[in-house]
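Me: I'm new to this one and would like to go through it step by step. Could you show me the structure, and then I'll ask away?

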Amino acid sequence: MASNMSWWRADPWRALLILVACCYGIVQLIVVTPGMGLGWDESIYVSQVDPRAPAAEFIAPRARGITLLVAPVVLVTSSTEALRVYLCLLSALALYASFGIWLRVRAGAMAPLAALLFASLWLSLFYGGQVMPNLWVAFGAVAAVGCFLRCVRPGSGRGPAIGLALSVAAVALLRPPDSLWLVLALAAALARPAWRQAKVTAALVAGLVVGWADWIVEAYARFGGLAARWQAAGAANETGLHVTLLEHARALNGPLLCRPPAHCGPVPPSWLLWASAIPVLVLLGLYAARRRGHLAACAVPALAGLLMGLPYVFLVGYAAPRFLLPAYALLALPIAYGVLRLLEHRPRRALAGLVAAGFLAQFTLQGLTLDKVVAPRLAKRQADVEVARALSALDLRPPCLVYGEHAAMIAYRVGCESYTILRWPQQSAAPAPIRAAQSAGKHVVAVDRGRQAAAPFLLDWEWRPLPEARPGTWQAYLPPPHS
């Protein structure tokens, strides 16, 4: 016990960061729970490496990084609970590792406080156990900027340069376009003459080459070349000149996607106040850092966070709050620096009370929103599991196709191919995916939650209610034998 206490005293800020990371993982396991089923994107990513299910369609914008991250578990077991626990533990470790680099950039409480600010976001807690790339891009970006600032110091050695290359490669493997904005910010920082070192440039280039290699090779193997894939990815993401700042503000309090036909509602006043405080606190941190001669430790992450957030606000035609996770992670660093410098001023007691009230408001707002997000999705995703179980009871076996609402999630559970639709096509002939599956000798089933009238082509199909599935009244349609 004495040795443990002496370690805490010798390196209290690292110990505090470990505590933050442990609490981050524990809160995920308790509040989000490992029992949450897979979402649409998750089912597609997981199916790429699951030997028990056919791989779902992998469209042009997606990258393989997240599939490689989950492969060690998915190759061994189909248990969603095991996958969730694995990702929760891994995200807690990644939080510690990425922000831990900053303990060597700025000694003191800046790194653990920034980690606490980021880890307390409902987005960070919700996506910690999800098979989605954005949170991992955030960890990679924080690590990359930290390694960069260590790398430009005189006599830094090869370690930080290797860390920089690996971090950039990880970001590029997860979301290739994000890596370009990250490297652009770091390249802009190299305008400072004292920082121009060959090893830094080599690390940035090597990271991009290694990280982009898989996406480029697949572009030529499946999409007709790099230009064709880039164009297809842009079309899928509605890339172009847009201003979606309002949509992002409307998505702050819980919608996971603001894209028609989804309705995201108005901008909540409490969240508008929260979002408005971010630039103020960042500027406070930059001002304090400039006065103390520590501007680089705040300016570089602030620039990287700004550039990684801008394309999702001005170049993508819809909003999803997870898109801004890398920006939040990077901006937490100058915010933490500014808060710590604020606490050094007199009257300290009044300022400490103000900061404590701010943290209480942060935890309350994020916690209420997390509960609002988790509860309905637990029920909806459990319904997908129950629908899959009911279809298995109808003797649906591979090779097969599930067509209809939530098809990707349901089909993955049954081991079928999928074709997801939001609305029934109003045509009398079976759609092309169904005809192709039947021609290939596959079993076909159409599913929906009964919220809309069946399509004309389903009128002569056999209707089967699925009473096991809740919420909603799920139903299945089986094609007539002659088809």
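Me: Let's start with Glu 42: is Glu 42 buried or exposed?
Reply: The label depends on relative accessible area: buried is under 20%, exposed is over 50%, and partly exposed is in between, using a 1.4 Å probe and protein chains only. Glu 42 has 2% relative accessibility, so the label for Glu 42 is buried.

Me: Before I go on, what kind of model is this, and how are things numbered and counted?
Reply: It's a predicted model, where local features need pLDDT of at least 70 and side-chain atom pairs count only at pLDDT 80 or more, while totals for chains, interfaces and linings use all residues. Residues are numbered from 1 along each chain as its sequence is written, and side-chain values use heavy atoms, with hydrogens and water left out.

Me: Which residue forms a salt bridge with Glu 42?
Reply: Side chains of opposite charge can pair when their charged atoms come close. Here a salt bridge means a side-chain nitrogen of Lys or Arg within 4 Å of a carboxyl oxygen of Asp or Glu. The closest N and O atoms of this pair are 2.5 Å apart, and the partner of Glu 42 is Arg 84.

Me: And how many residues apart are Glu 42 and Arg 84?
Reply: Glu 42 sits in helix H3 and Arg 84 in helix H5 (residues 80-100). Helices here are DSSP runs of H or I with at least four residues, strands are runs of E with at least two, and both are numbered from the N terminus. The pair links distant parts of the chain, and the separation is 42 residues.

Me: What is the relative accessible area of Arg 84?
Reply: Arg 84 is on the buried side of the cut-off, just as Glu 42 counts as buried. For Arg 84 the value is 2%.

Me: Glu 238 and Arg 259 also meet in a salt bridge, so how many residues apart in sequence are the parts that they tie together?
Reply: Their side chains meet at 2.8 Å, N to O. Glu 238 is in the loop between helix H12 (226-236) and helix H13 (245-250), and Arg 259 is in the loop between H13 and helix H14 (269-292). Glu 238 is partly exposed at 30%, and Arg 259 is partly exposed at 22%. The parts tied together by the pair are apart in sequence by 21 residues.

Me: How many salt bridges does a search of the whole structure find?
Reply: Another of the pairs is Arg 14 with Asp 11, at 3.2 Å, N to O. There's also a network of salt bridges linking Arg 64, Glu 218, Arg 222 and Arg 229. For the whole structure, the search gives 16.

Me: Which side chain makes a polar contact with the side chain of Gln 48?
Reply: Gln 48 lies in the loop between helix H3 (40-47) and helix H4 (65-74), and Gln 48 is buried at 19%. A polar contact is a pair of N or O atoms within 3.5 Å; within protein, one must be able to donate a hydrogen and the other to accept it, and residues adjacent in sequence count only if both atoms are side-chain atoms. At 3.0 Å, the partner of Gln 48 is Arg 64.

Me: What about Ser 167: which backbone oxygen does its side chain reach?
Reply: Ser 167 is in helix H9, and Ser 167 is buried at 9%. Leaving aside neighbours within four places in sequence, Ser 167 is in contact (heavy atoms within 4.5 Å) with Gly 140, Ala 143, Ala 144 and Cys 147. The side chain of Ser 167 reaches, at 2.8 Å, the backbone oxygen of Gly 163.

Me: Is Ile 162 buried or exposed?
Reply: Ile 162 is placed in helix H9 (residues 159-174). With a relative accessibility of 51%, Ile 162 counts as exposed.

Me: Last one: why is strand S3 largely enclosed by the rest of the structure, and which residue in S5 is the bridge partner of Val 447?
Reply: Five of the six residues of S3 (residues 443-448) are buried, so the strand is largely enclosed. S1 (residues 400-404) runs parallel to S3, with five bridges joining them, while S3 and S5 (residues 475-478) pair in the antiparallel sense over three bridges. Pairing takes at least two bridges found by DSSP between two strands. In S5, the bridge partner of Val 447 is Ala 476.
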